[in-house]
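The questions below ask how certain descriptions of this structure are justified. Each answer sets a value beside the rule that applies to it.

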Amino acid sequence: MEMTPSVHKDFLVITVGESRIDAAVAMQFKEKMKDLTSGASGRVIVELSAVNFVDSSGLGAVVGSMKQMRRKGRMDLVGLSASVEKVFRMTRMDSVFRIFGTLGEATQESLNAS
Amino acid sequence: MRHDAGMNHVRADPPATAAGGVLSRSAFRATFENVRLAIEDAMSTLEPLNLPDEEKSSVEIALAEALNNVVEHAYPDGTPGDVKLVLRHGRAGLLIEIRDNGRPMPNGRTPKGNHPTENHPSDELPEGGFGWFLIRELARDLVYDRENGENFLIFRLAVGRKNAPTKPSLST
């Protein structure tokens, strides 16, 4: 499961390098997110632009990862492809995440919020 | 690396009929990895239909949910078994037929597919239970039957419709 963390002053970016978050890798995704965010507090931004497909298991893993983070910070999403966005929209999970088009937009938001 | 152990795949030239000419038949061992490969094969089979991206994603989502359900529920906990998938295309759209010899649907019926928050209102952020919700949203004419220990699921996706009547717009 290719997921690359990059630590910034005010946030942690996790770039997902997989093309699919599906039932075959959902558990691995959630475990890896748990590892990568274990020391993190504050804001985590998950960069998903390489991901072109998410199924309900993958969606559940993303939601689960966000729930793991909730006590110590928050998790935002960046770069949803049309298909991934569709799954979030259909299941109404688009309303429980803050979703940005690009990392730039997401981090701009971070500056404004401070 | 492709691990297509147990995968076999037959592609046929599609005769265009109303009922639906067979586009492909495949059979594979029920694993999540093989579901991934089967979806990949199915999507390449559909290439000649030149579906718009929106329709392609509907097919991919519905296929993934229906096939993953077989792996997860018909053959739970890694029970070995096979899945058969037939794709047909006709004027009404794409017909997806899935057969397996695993456990029957609970109470012999397909789940209603409510949004998971309707089933468990206390759980504000559900992590599961979206599969049938998505299938119900996307699929039409869904039929489930079981005969001689075989589950049979067929549904239609209104994509790639030939001569689809355009809806008359309600002008005001």
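Q: How much area do chain B and chain A bury between them?
A: In this predicted model, chain B and chain A bury about 2200 Å² between them, with 57% of it on carbon and sulfur atoms. Buried area is the accessible area lost when two parts are put together, summed over both, so the value covers both sides. In chain B, Arg36(B), Leu125(B) and Glu127(B) lose the most area to chain A, together 33% of what that side buries.

Q: How many residues of each chain take part in the contact?
A: Chain B gives 25 residues and chain A gives 24. Contact requires heavy atoms within 4.5 Å.

Q: What makes the empty space a cavity?
A: A 1.4 Å probe fits there but cannot get out, and therefore the space counts as a cavity. The search of the whole structure finds 1 cavity of 30 Å³ or more, and the largest cavity has a volume of about 50 Å³.

Q: Which residues line the largest cavity?
A: Its lining includes Arg20(A), Asp22(A) and Phe53(A) from chain A, and Phe32(B), Arg36(B) and Asn68(B) from chain B. Two or more residues come from each of α1 (32–45) and α2 (53–74) of chain B, and α1(B) gives the most, with 4 residues.

Q: How is the lining divided by residue type?
A: There are 7 nonpolar, 1 polar and 4 charged residues. Ala and Phe count as nonpolar, while Asp and Arg count as charged; Ala23(A) and Phe53(A) in the lining are thus nonpolar, and Asp22(A) and Arg20(A) charged.

Q: Why are β1 and β7 of chain A called edge strands?
A: The open sheet has 5 strands in the order β1-β2-β4-β6-β7 (chain A), with mixed pairing. Strands β1 (3–7) and β7 (99–100) each pair on one side only, so they are the edges.

Q: How do you know that β6 and β7 of chain A pair?
A: Pairing needs at least two bridges. Strand β6 (residues 73–78) is joined to β7(A) by 2 bridges, so the condition is met, and the two run parallel. Val78(A) has Phe100(A) as its bridge partner in β7(A). Helix α2 (residues 56–69) of chain A packs on the sheet, touching β4 (42–47) and β6, and its direction makes about 150° with that of β6(A).

Q: How many bridges join β5 and β6 of chain B?
A: Strand β5 (residues 140–147) and strand β6 (residues 150–157) are joined by 6 bridges and run antiparallel. Val143(B) stands opposite Ile154(B). The hairpin has 2 residues between the strands, and Asn148(B) takes a positive phi near 50°.

Conventions
Residues are numbered from 1 along each chain as its sequence is written. Chains are lettered from A and ligands numbered from 1 in the order in which they are written. This is a predicted model: local features need pLDDT of at least 70, side-chain atom pairs count only at pLDDT 80 or more; totals for chains, interfaces and linings use all residues. Side-chain values use heavy atoms; hydrogens and water are left out. Axes are lines fitted to C-alpha atoms, for helices over the stretch in contact, and angles run from 0 to 180 degrees between N-to-C directions. On a 1 Å grid over the protein atoms alone, a cavity is a set of points where a 1.4 Å probe fits but cannot get out, and a pocket is an open set with protein on both sides within 12 Å along at least five of seven lines; lining residues have an atom within 4 Å of a point. Grid points are joined across faces, edges and corners, and a volume is the space filled by probe spheres set on the points. Buried area is the accessible area (1.4 Å probe) that two parts lose on being put together, summed over both.
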